[in-house]
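Reader: Please show the model, so that its strands, helices and core can be discussed in turn.

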Amino acid sequence: MQGKGFIKVIAVVLILLSAYQLLFTWKANQVEKKADDLAKKEATALNLVGDDNIAFTRRYRENYLDSLYEEPVFLNFFKYKTVKQGALKLGLDLKGGMSVVLEADIPNLIKNLSGDSKNQAFLDAIAKAKADQENSQEEFVDLFVNAFGGTDAQLASIFQSPDNDEELGFNASKEKIRDYLKKQAEDAFQSTYDIIQSRIDQTGLSSPNIQRQQNTKRIIIEMPGVENPEAIRKLIVAEANLEFYEMYVNTELTAYLEAANEAVKNQIALENPTEVADEPVVEPEEEEEEEATILPETSEPEDSSENQTLEELLGEGETVQEEQSRAEILKDFPLTYILNPTQFPSYELGFVRKIDTPKVNDYLKMEEVQTIFPQSVRLFWGSKAEERTTADGEKVIGVPIYAMRGDQEGNPQMDGGAITNATQDFDQRNNPSISMTMNQEGALQWEDLTRLNVDKPIAIVLDDKVYSFPTIQNVIAGGRSSITGKFSVTEAQDLATVIKTGKLDVPAKIIEEAIVGPTLGKKNIRTSLLSLLVGLGLVLVFMALYYGKAGWIADLALLFNLFLVIGILAATGATLTLPGIAGLVLTIGMAVDANVIIFERVREELAKGKELFAAVRDGYKASYSAIIDANVTTLIIAALLLIFGIGPIKGFGTVLAIGILTSLFTGVLFTRVIKDDMLVKKKHISYWTKTSEKWFRNLNFDFLSKRKLAYVISGIIVFASLANLIARGTDAFDLGVDLSGGRSYTVKFDQAVQSSEVKSILDEAFPQGTSTVVRTFGSDDQLKITTSLLTKEVGEEIDAQAEETLYNALKSQLGADVSLDSFKKDNLQSRQRVDATIADDLRSQARWLTLLALGAIFLYLLARFLKWQYGLAAVVTLAHDTLVLLGIFSLFRSFMPFALEVDQAFIAALLTVIGYSINDTVVVFDRIREYLRLYPKKPYKEVINAAINSTLSRTLITSLTTLIVLLFLFIFGGEVIKGFAFALLIGVIVGTYSSIFVATPIVVDLYTKGGKSTTK
């Protein structure tokens, strides 16, 4: 063999590089374990328990690791920062964390570009484009322009301004307008992407992954190790629209509120109002927000006096409830009763129970109400819900509402465009605050604003929420000031990041979100590694027992291969996910396959009487074609997963692609070098043991004679699958939440629970029309709940409301001592929300990926075999395997003790099955092509049968070893990956069957019908 020295050098280099890279992983784990041990030791010394213990150990661990960030921790040279960056990265499903898919709000951008046009044709086009987008893959801009019913000139006039006169004149065509809008959308989206990336980078999260999804206005963010998803969610979606407003005293708007209440009452009377819940009068607490001040760095905050209670102001016992019945109040005061206006002069307009905030929003959005208030009035909610006490002592959760005094058009006196920097700081009372620096123009504007408002408040409004309304104590010059309020350190840091990174050019909304708890992540690691090691061990033993010394060489190559795959993953910064571990399992099968093909060829050469050296040489040479064809077809599948997959599925594609390339190196080149060296040294290499020596010798099954029976069996199964799919459509499957849209929760209980009982509870508690599926997930004390609860609306408040609704419904099963916070922290193992639009996109993508895979494989086989019959037979066979797998997942979903969900992982499994099946088929086809050249005068069917028999040992051994590792992945891999492993198990079995009884018979029949004699 030529180039042995070069191959040895490459092998040594790869070993050293992989070892060097994996040492970082070892050291990072060692440092983090020490941090965990020290944190637990300190918490024990302080006698901390429960939530206090958890919070303390988390902070201690973070502080300890932060202190080492720039310190050498490895070989007195490498800093912890470098070590951590070089370590193998674990995905969310193995480490826990959060992933989101953001979509740019292009409709909102178009409205902004139009100057918030009220043109009816424009508004109709926006509405139609939104509706069309739900079932279309076109860009929103294209849908909008196509939907606009007016002339080109009318559309141009909506967007034309002096700023874009050169790009867009009054006579611009729709195509020019389309190009203009697309450019604006792309520029705004890129700016939004850069800002969000900057925000994530400043969180200090370990190894976040941020990327644009190809051909969309979407951003995919994966953040392993996130412990506060709510804070991260706020940080990501915050538009950073910072504004500074003067404020109204509530008494200035009393007459307007009374008029608004009258308008709401009249409108409700027209709509036959229903009763609303009882609303006790709420007693405001001290207005601590007014104590917060925006001051120069040297100024002291001013104390404020305590507020009187409502009882003191109204007279003891003189409450509204005692004057009128509740029904009469609601009839006469539908707005002001639930608005609960403050009863004394205050900058707080009212305090609304959290549950009633949507109703107040609806009332205030009424056209009859909006025309009452002056244009200068802007109403905003406070940034946080607060707990206050009612007059009768009841504690309620509510949100304050404030009135801003804008200019004549309601615009703020100043916005955040002048802010050049913002950092978390502490005020004179050592409370967390935000220090801001403005540019020169902003500093002058701020100085003028504060001069006009000494002893008055200035409201700080961020994304339409009032964070504080500090009193200006004196004129502030120099452009340096502080925002103080009720912040934690983390909240202040996040707000500073949002303000500093700036306003998003186009808002982004979360259309998919998944959160995996660290407990579930650790369990996934344990179970998947156990399955990998057990399966690997059995394969190593089998290879040694069947092939003897050659098997031991193959085992060495297999271990080297896995070492290389993990080392390359670490070196390239790729993320190892749970499906990625499944990819490692499949890599074992592929690595074994290359060795089996070669070893079986060598055994054939030895059976012909050749000497060992010549048999090894010729065996390797004859194997190259089949090995290359089989691996290239699988590599096509891996490439599609890499290009189009996201999250864990992309991780699977990454491992699969790396595994294919390393398998070729270790299974073909590395083993050849070892054997050549051994043979040069006159060392014997056995290719069988006494037990296996005569296995698969002189086989002569007439497979083709059984092809009609195989056609009948396959036809019945395929027909049943197709009939079921056509009759039931998507209802034929248990679609995962990522393909159906909705919410999914994995809930852990303290005791065994019945899924049917919990479903009945949820059906009763959830709103009518909510579809809910409940199934046992692994152990009988854990459930997976998939529901359409609150899926038509999006937003942080909606997500929180959905979780609270779920918690309230499950209270009877959780226990009285489980609070909402502990439910989210301890019982919710994972949660996922997928918007209907992205679910539709993923379903469409799955269909196209499958068709693209079939098409690419057909073209490759056509190019390799130069006969269309081979390509068509392969595609028909793959369609057969696909339909059989889909049929099994559909027809047997109600009978299996585990979930047969069709989700993104299933799509990856389906594509992998296609790759595996074609791998089997190509090996048989390759031998048929070879035998037709060797035996041109033999009867055609005899040659085909001989080719199948000669490859039968390879087919069965490869399938057996692959099934071994997949079986243990299925048994020990955990519930999360059970359906994925089951799909691969069925796929390997069906693929093995179809390569012999479907693909090859089709080739024979296509040649026969094409006029070729079956006896030649």
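Reader: Which residue in β15 is the bridge partner of I419?

Author: This is a predicted model, in which local features need pLDDT of at least 70, side-chain atom pairs count only at pLDDT 80 or more, and totals for chains, interfaces and linings use all residues. Residues are numbered from 1 along each chain as its sequence is written, and side-chain values use heavy atoms, with hydrogens and water left out. Strands are DSSP runs of E with at least two residues, helices runs of H or I with at least four, both numbered from the N terminus. Seven bridges join β14 to the antiparallel strand β15 (residues 432-438), and there I419 is partnered by M438.

Reader: Which strands stand at the edges of the open sheet?

Author: The antiparallel order is β14-β15-β18, where pairing requires at least two DSSP bridges between two strands. A single partner strand is available to each edge strand, so one side of each has no neighbour in the sheet; these are β14 (419-426) and β18 (480-484).

Reader: How wide an arc do the buried residues of α11 cover?

Author: Buried means under 20% relative accessible area and exposed over 50%, with partly exposed in between (1.4 Å probe, protein chains only). The buried residues of α11 are L257, A260, N261, A263, V264, Q267 and I268. They lie on the same side of α11 because their arc, taken from the directions from the helix axis to the C-beta atoms, is only 165 degrees.

Reader: Which exposed residues does the face of α11 turned away from its buried side carry?

Author: This face lies opposite the buried side of α11. Its exposed residues are A255, E258, A269 and L270.
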